[in-house]
Amino acid sequence: MNSSEIPVLQADKVSKSFSGQRILNGVSVGLKRGEIKVLIGPSGGGKSTLLQCINCLVLPDEGSISLAGVEVDLHNKKSLYQLRQQVGMIFQDFNLFDHLNALDNITIALRKVKKISRTAAEKRARLELEQVGLGDKTDLYPAQLSGGQKQRVAIARALAMDPQVLLLDEPTSALDPELIGEVIAVIRNLAGKGMTMLMATHQISLISTLADEILFMEAGVIVERGAPSLLLVPGCGSKSAGFCDRLSELADGECKC
Amino acid sequence: MQVLTLSPFYHDLLDALNRGLLMSVALIVPSACGGVLIGILAGTVRAFGRPWMRSIVAAYAALFRGTPLVVQLFVLYYGLPNLGLYLSPYSAAVIGFMLCSGAYQSEYVRGALLSIKKGQYLGAQALGFSAWQTLQSIIVPQAIRRAIHGCGNEIIYLIKYSSLAYIVTCMELTGEGKTIATEYFRFTEVFAVIALYYLTLVSLAMLALKKIEKILFIPGFGRN
Ligand SMILES: Nc1ncnc2c1ncn2[C@@H]1O[C@H](COP(=O)(O)OP(=O)(O)O)[C@@H](O)[C@H]1O
Ligand SMILES: [Mg+2]
């Protein structure tokens, strides 16, 4: 089990500034195969920026990103494209391609990026859509899908690329409450299959049940990290416990309305 | 043996108008294609070009949208010879139409490109698309669908303003018709028939555009 000790993905001392303002300040995160880490913390704390720095949608100013122990050359476009193929990304607002149906949202990357034949790509895409319970929606366009269905297509699209790691940026935050469950079920299913994931989320059930480690991020720094069993003990005084308490109060408040 | 004999007036008129029609089509088709091509290039530079390129192309568009087409044609046909550059009436007209149409087309192309949301780029990049692949597979197909209506309208305008070619002595529909009208002094009939010719051309163009729009149609696209 020695190879499992090398992190699949390692971000080291990543810093990023936007117009002179430090948004990320030397953040390090490592993920071993099958590990699930959850990023929480106040809005504006830098969670999205960190996730986007990890697959270089935003280039870090300082620090390094390594895949399976090999550092990514941040100045080489080809190596960035390679990195992104191996690190899947799920966005809060889906970012499905509006001009392609569910099936082709998946096949386009397989064909253009992975150079897989159309028939093979379609076969794979159908399989992935079935996996997320959308086997009968292949021909529908994004505008014809609900938010939950769109997010499931986005997940199927990312998985079809066979990523080593999946980054999820608040995958349920843009969804109507009644649609959150179907996306959570898909994420749980992935966790069950041993997918390595780094997820920003405010979904208490995901934080407490899926996370191997909670990373509490504030003002561009991870100020607290640890297992939910340690950090989420009621009254333990951790920032994470306080944050989750406030989240569940908010959720309860919503239910009463 | 002639089954149908037309009066000399109608015989001359149809003869002239059919000749003019050929010339009009010969003006419109390359001008429309060239205009779309210039529009795509200029619009892309205006959307994504470096600032200095953007300002040059924006100045071109402002110049050709800001001056009457007649003036542009006069400058090309009567003005350029002063610089030692002689254009045939046909070339002057086609070049003028292309440049003018291209300026308008660039507006639609630029608008379409800029209307594509950042998320579409992010979605593609996150899957490992190169910049070129993103443009080719995601941005252009969407931009075409957003621009097609405006670009089609501009082509319909072009069909009608191609009638200005006769001003630089390029004898197309309007020019040929006007000659007959003056000869027979029958303006109303001549221009009524000319109107029908243009109406037919425009209707055909609209039909073709409808067909293209139908082929490109995607449920719910462009409504957000
Ligand atoms: N492209 C950008 N340009 C300027 N500021 C940005 C940009 N992206 C993020 N920021 C800023 O970085 C901070 C952190 O944002 P973000 O990473 O989205 O936080 P979170 O996801 O934790 O809410 C915010 O203050 C935001 O305004
Ligand atoms: Mg965020």
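So, the largest pocket: its volume is about 550 Å³. By pocket I mean an open set of points, on a 1 Å grid over the protein atoms alone, with protein on both sides within 12 Å along at least five of seven lines. The points are joined across faces, edges and corners, and the volume is the space filled by probe spheres set on them. Before I go on, this is a predicted model, where local features need pLDDT of at least 70 and side-chain atom pairs count only at pLDDT 80 or more, while totals for chains, interfaces and linings use all residues. Side-chain values use heavy atoms, with hydrogens and water left out, residues are numbered from 1 along each chain as its sequence is written, and chains are lettered from A and ligands numbered from 1 in the order in which they are written.

Back to that pocket. What lines it? There are 21 residues, and nearest the centre you'll find Val36(B), Ile40(B), Val109(B), Ile144(B) and Cys151(B). A lining residue has an atom within 4 Å of a point. Helix 6 of chain B is the biggest contributor, giving 9 residues. Helix 1 (8-48), helix 4 (89-114) and helix 8 (187-216) of chain B are also among those that supply at least two residues each. As for character, 18 lining residues are nonpolar, 3 are polar and none is charged. Nonpolar here is Ala, Val, Leu, Ile, Met, Phe, Trp, Tyr, Cys and Pro; charged is Asp, Glu, Lys and Arg; the others, Gly among them, are polar.

Chain B itself is easy to sketch: 8 helices and 0 strands. Those are DSSP runs numbered from the N terminus, H or I with at least four residues for a helix, E with at least two for a strand. Its C-alpha atoms fill a box of roughly 70 × 45 × 25 Å along the principal axes.

Now, the cavity. That's a set of points where a 1.4 Å probe fits but cannot get out. How many cavities of 30 Å³ or more are there? Just 1 by this rule, and the volume of the largest cavity is about 80 Å³. It has 16 lining residues, with Gly88(A), Met89(A), Ala158(A), Ala126(B) and Leu127(B) closest to the centre. Strand 6 of chain A supplies the largest share of that lining, 4 residues. Helix 5 (118-126) of chain B is one of the elements that give at least two. The split is 11 nonpolar, 3 polar and 2 charged.

Over to ligand 1. Around it, meaning with a heavy atom within 4 Å, sit residues including Phe18(A), Ile23(A), Lys47(A), Ser48(A) and Thr49(A). Helix 1 (residues 47-54) of chain A gives the most to this shell, 3 residues. Which polar contacts, N or O pairs within 3.5 Å, can I point to? A polar side-chain atom of Thr49(A) is 2.5 Å from a ligand oxygen, one of Ser48(A) is 2.7 Å from an oxygen of the ligand, and a polar backbone atom of Gly46(A) is 3.0 Å from one. The protein covers 58% of the ligand's own 560 Å² of accessible area, by Shrake-Rupley with a 1.4 Å probe.

Last stop, a hairpin in chain A. Strand 1 (residues 9-18) and strand 2 (residues 21-31) run antiparallel, joined by 7 bridges; pairing takes at least two DSSP bridges. Ala11(A) stands opposite Val29(A). There are 2 residues between the strands, and Ser19(A) in the turn has a positive phi of about 40 degrees.

Key
Polar contact = N/O pair within 3.5 Å; in protein donor to acceptor, adjacent residues only side chain to side chain.
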